[in-house]
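Subject: Structure handover

Hello,

Here is the structure for you to look through. My notes follow below it.

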Amino acid sequence: MAINYDKNSGLITIETAHTSYQMLADKKGYLLHLYYGKKISGSAEYLLTFLDHGFSGNPDIAGMERVYSLDAQPQEYPFYGSGDYRSVCFRAKGNTGADGVDLRFVSAEIKDGKYELENLPSSYTDNASGEGVQTLKVTLQDINIGLKVDLLYGVFPENDVITRSVLVTNESNNKVKLEKVQSLNLDCMPGDRDVMYFHGRHEFERQPDRMRVGHAKIAAYSGRGGSSHQFNPFAILMTPDADEKHGEAVGVHFVYSGNFLIDAEKDQNEMVRLTAGLPEEGFEWILHSGETFTAPEAVMTYSESGLGLLSRRIHRFFRKHICRGAWRDKERPILINNWEATYFTFDGDKIVDIAAQAKELGVEMMVLDDGWFGKREDDLSGLGDWVVNEKKLKGTMKDVADRVNALDMKFGLWFEPEAVSEDSDLYRAHPDWAFKIPNKPMIRGRHELILDFSRNEVVDHIFEMMREVLDNANIIYVKWDFNRSIADFYSAELPSDRQGEVAHRYVLGVYDLLERLRNRYPELLIEGCSGGGGRFDAGMLCYTPQIWCSDNTDAIERIHIQYGTSFGYPSVTVGAHVSAVPNHQTGRVTPFNTRGTVAMSGSFGYELNLGLLSDEEKHEVTEQIALFKKYRHVIHTGDMYRLTNPQEADALLAAWMFVAEDKSEALLNLVTLNVHGNLGSRYVNLEGLDEDASYRDETSGMIYTGSQLMNAGYPVRDFTGEYQARQVHFVRV
Ligand code: GLA
């Protein structure tokens, strides 16, 4: 049993393979958090201490007991109005307009299987899997306003994962205004914690930033409508001693693709609190009598042995319980994308020509990027008009797809479904379908506006346009782009007191369109994208099992971006391509081999004009593809180990490896970063191998034991020059 509820004591215990999670419905009816960490036996109630903390409020039920204050106790789901002045997860107003609720425990219910969320993506299990997944529902109530709050927990014992969501139901006859509904709170008993956020910018996403949680709030957030390049909706809370191999760490993902807030603070009593979910800023939701609001899911993954294990647990969980659909376990096709090869300048012949050249070298799919529709010769016009430009293509989309298919290649197509250009037929017909605030000068981004996906008719229309294209040509892949931050959240459809719902309703509209596509085209592979990695999150991964990781294709920058991404996301979800040099984003020149090695650590492809390659380079492409086909399974289904930190000042070497689940083989990847004169050999300690087994280095033929490679190290010899790459394949003998 993963979950236990003891009615007499009020103790609720969740157990996974390595963790215990405990909360207590105390005698006063409040839900206190007791413990989350390495497995313990017995009740952790003894951890609670009750002292009089000046200026910490006492709830009425405590009578004159000044030592009982929610401001001083660890809480499971803190709410505004309880006398707790730290960050809270929940805030609502009833018909008096007064700000403050009183949430008390009502019941706890345990069920087999995993809960599902209406209209929102979430993790799932195949119930027949025998993994013992269970759901806990803890119900809280505010009798004054008439609110029911169900806290949902999904427990995946084998993965050491606990998921969370919240349902808020208005049980009164009046309307209720929700001002904040976050999905997760984690209170830790007094002590130090570090938090790691993943910040970035366009072309440099998900850079790990670690800091001690001090006595002030530190937050990762997005108000951009998408989850953003600037912060990822993923954070790690850990003990200060945590590194790749040691220490306790909890990964928190928000399974959502829009605005979010994760904040951490240390309180007056040295307790650390982390909350995650929808932000308060820009959010308000009117809940009419009988209606329920569903907060998106948050996923907690635990590791007792550092960040490496944390990531590997996350990777396994994401591969089986977040990613779904026909492509979840299928080998992802090696693709060529024409964007950096042609930008907007192409016709049907050129596309078929690129495909033909790519086919010769072993590429499996041709992806036609931006510019095939409406009037779209640059990024000033055409978005929203998803009608094939047959003049430009010199034929129908079916013609192009058939010609590509005739080469025995698959065919894929780019869309930016949420965007509209002012110079488009769609905008001319429906100017009110774009987000704009009446009488306020609008904010453009990449010359485009964003469609109001909170409106059904808008989603209907875009779906119909996409359907027309997808039904009429053999398209097995879609690249779904989203190329700006939203600024003017205003829906012409909603009344003034509901404008605070627009940002969330928009994301629900995006999921609705994705869901419709999923139902109509179950075999379609959708790759997410948002100016590269601006919407790389667990919500999108439920629909798009791979996401273009960054518009930055420079191999060295990609080492940093993919390193940061690997903390929270598995390699198979990371779109990564070999591009031309000098690199279009940085101007850097790196060897072909290095670009290949780095791109192979993801869902692999090419994005360059093959016609400009020398014969030698073409030969390298053929070899790279053959290697990737050989290693694809270990890269995409194996365990990943980060062996060095490329962020370290003057780091000499980037080293990371993949090990097959059964430890029968491993792929070590090495790239030189900085170089110095007279450098001796470097030694890299491998990980994840079978200590007692022997492994053959396929390149040198040398045989080592697993324990040698992991404890004494692997010598990296004769490896000079900046930005050189080497892959070493080890096979168990
Ligand atoms: C975004 C994407 C690119 C490309 C362009 C097309 O920037 O990230 O890969 O598709 O849009 O306009």
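A word on residue classes before anything else: Ala, Val, Leu, Ile, Met, Phe, Trp, Tyr, Cys and Pro count as nonpolar, Asp, Glu, Lys and Arg as charged, and the others, Gly among them, as polar. On that basis, the shell around the ligand holds four nonpolar, three polar and six charged residues.

This is a predicted model, in which local features need pLDDT of at least 70, side-chain atom pairs count only at pLDDT 80 or more, and totals for chains, interfaces and linings use all residues. Residues are numbered from 1 along each chain as its sequence is written, and side-chain values use heavy atoms, with hydrogens and water left out.

Domains

The chain is assigned domain 1 (3-321), domain 2 (365-534) and domain 3 (642-732). These bounds come from an automatic or database domain assignment. Taken over C-alpha atoms, the centres of domain 2 and domain 3 are 44 Å apart.

Ligand site

Which residues are closest to the ligand? They are D369, D370, R446, K479 and D551, out of 13 that surround the ligand. A residue counts as near if one of its heavy atoms lies within 4 Å.

Some polar contacts can be named. A polar contact is a pair of N or O atoms within 3.5 Å; within protein, one must be able to donate a hydrogen and the other to accept it, and residues adjacent in sequence count only if both atoms are side-chain atoms. D369 places a polar side-chain atom 2.6 Å from a ligand oxygen. D370 does so at 2.6 Å too. For W414, the distance from a polar side-chain atom to a ligand oxygen is 3.1 Å. The ligand taken alone exposes 310 Å², and the protein buries 95% of that. Areas come from the Shrake-Rupley method with a 1.4 Å probe; for residues, only the protein chains shown count as cover.

Three threonines

Start with T135, in strand β7 (residues 134-142). Helices (H or I, at least four residues) and strands (E, at least two) are DSSP runs, numbered from the N terminus. Is T135 buried or exposed? T135 is buried, because its relative accessible area is 9%. Buried means under 20% relative accessible area, exposed over 50%, and partly exposed in between (1.4 Å probe, protein chains only). A polar side-chain atom of T135 sits 2.8 Å from the backbone oxygen of G113. Beyond four places in sequence, T135 touches residues including I3, E109, Y115 and Y153. Contact here means heavy atoms within 4.5 Å.

T125 is in the loop between β6 (104-112) and β7. T125 is buried as well, at 13% relative accessible area. Leaving out residues up to four places away, T125 touches K114, E131, V133, F156 and H321.

T565 lies in helix α10 (residues 555-566). T565 counts as buried, at 1% relative accessibility. T565 and R206 are 359 residues apart along the chain, yet their C-alpha atoms are separated by 5.8 Å. Outside its neighbours within four places, T565 contacts R206, F536, C549 and V574.

The loop between β28 and α11

This loop joins β28 (574-579) to α11 (592-599), and P582 is in it. The peptide bond from V581 to P582 is cis, with omega near -10°.

Q585 is in the loop too. At 23% relative accessibility, Q585 is partly exposed. What does the side chain of Q585 reach? It reaches the backbone nitrogen of T553 at 3.0 Å. The side chains of Q585 and E340 also make a polar contact of 3.1 Å. Neighbours within four places aside, Q585 is in contact with E203, E340, D551, N552, T553 and D554. D551 is also among the residues closest to the ligand.

P591 belongs to the loop as well. P591 is partly exposed, at 26% relative accessibility. Neighbours within four places aside, P591 contacts Y723 and Q724.

Positive phi

F55 has phi near 65°, a positive value in a residue other than glycine. F55 lies in the loop between β4 (31-38) and β5 (90-93) and is exposed, at 87%. N678, also not glycine, has phi near 55°. Its place is the loop between β32 (665-672) and β33 (682-684), and N678 is exposed at 83% relative accessible area.

Best wishes
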